[in-house]
Amino acid sequence: MNDAKRRWLALSGWLLCGQALAVGDLPGGPAVRELNFQTPVTAIATDIIQLHNWMMGICTVIFVAVFGVMLYSVMKHRKSLGHRPASFHESTTVEILWTVVPFLIIILMAYPATKTMVAMKDTSNADITIKATGMQWKWGYDYLKGEGEGISFLSALSTPREQIQNTAAKGDAYLLEVDRALVVPVKRKIRIITTAADVIHAWGVPAFAVKQDAIPGFVRDTWFRAERIGVYRGNCYELCGKEHAFMPIVVHVVSEEDYRRWVADQKKSQVASADKRK
Ligand SMILES: [Cu+2]
């Protein structure tokens, strides 16, 4: 490699690192070097993180106990120390113990997990029901029930093509921004019905701990109750074709009054566009 080439490589390396460092955390979306879950915004998301920590704790205790006993036995009872092997047969005590202990561990894991799973699946008594239709490559939203009933619109990626093709600097919410976001009121139970118009997609928002397949010809549902006002971002989570990475989900969680105002605005503009068509 000649000098000019080496210098060029060093420069491009430095430039690439500089660009990577310029990326910041995205509130309501992914953070830089995030290793854990996103900050939870729903009770279910909090439960899931606690479950995750609980299971990791149990796994760590099992790991340390099993490998501790194993290493101790291997080191202390080796032949070179002159240890003579035991030659007993059948031990009722040991057999009962190694049946009862794993059974107790399973109960400690299954009980909280089942409780959360049942709560996740309970989509009854929703305040607002919204149908999310996955299509190549955008989302369609129809407010079916509750305040805002009748509103429907399409939500597509709004990141400019130049940013994707690297001819322009990338924005803060690169590939996680849309032209029209889903708007919901805070602290209300929102039921999302998912389906698709062409291939299988999946609707999800990590901060809500929600992820549900959207399957053509089928109707699935999920729910969330956001506890904090803000903008939350997700993606399509089922490989659906060449622009799978370009159909993000953006949810604006707003106050009760702001939601009412938004609904009124939407209704007004829908009436206006209907008049124009006449
Ligand atoms: Cu998709």
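Let me start with the rings: a search of the whole structure finds nine aromatic pairs, where rings of Phe, Tyr and Trp (its six-membered ring) pair if their centres lie within 6.5 Å, and planes under 30 degrees apart count as stacked, over 60 as edge-to-face and the rest as tilted. One of the pairs is formed by Trp 203 and Phe 224, which are stacked at 6.3 Å centre to centre with 10° between the planes. Trp 203 lies in strand β6 and Phe 224 in strand β8 (residues 220-224), so this pair ties together parts that are 21 residues apart in sequence. Strands here are DSSP runs (E, at least two residues) and helices likewise (H or I, at least four), numbered from the N terminus.

Before I go on, a word of care: this is a predicted model, in which local features need pLDDT of at least 70, side-chain atom pairs count only at pLDDT 80 or more, and totals for chains, interfaces and linings use all residues. Residues are numbered from 1 along each chain as its sequence is written, and side-chain values use heavy atoms, with hydrogens and water left out.

Staying with that stacked pair, Trp 203 is buried with a relative accessible area of 0%, and Phe 224 is buried with 1%; buried means under 20% relative accessible area, exposed over 50%, and partly exposed in between, using a 1.4 Å probe and protein chains only.

Now to the metal: which residues are the protein donors of the copper ion? They are His 201 (ND1), Cys 236 (SG), Cys 240 (SG) and Met 247 (SD), lying 2.0 to 2.6 Å from the ion, where donors are N, O and S atoms within 2.8 Å of the metal (3.2 Å for Na, K and Ca), and since water is not among the atoms, sites may look incomplete. His 201 in strand β6 (residues 201-205) and Cys 236 in strand β9 (residues 230-236) are 35 residues apart, and this pair links distant parts of the chain. Both His 201 and Cys 236 are buried. The four donor atoms subtend angles of 94 to 125° around the copper ion, which makes the arrangement tetrahedral, a word used for four donors if all angles lie between 85 and 135 degrees.

Finally, the chain as a whole has five helices and 10 strands. Its radius of gyration, taken over C-alpha atoms, is 27 Å, well over the 19 Å that the globule rule (2.2 Å times the number of residues to the power 0.38) gives for 278 residues, so the chain is more spread out than a compact globule.

How values were computed:
Tetrahedral: all angles 85-135°; square planar, octahedral: opposite > 155°, others 65-115°.
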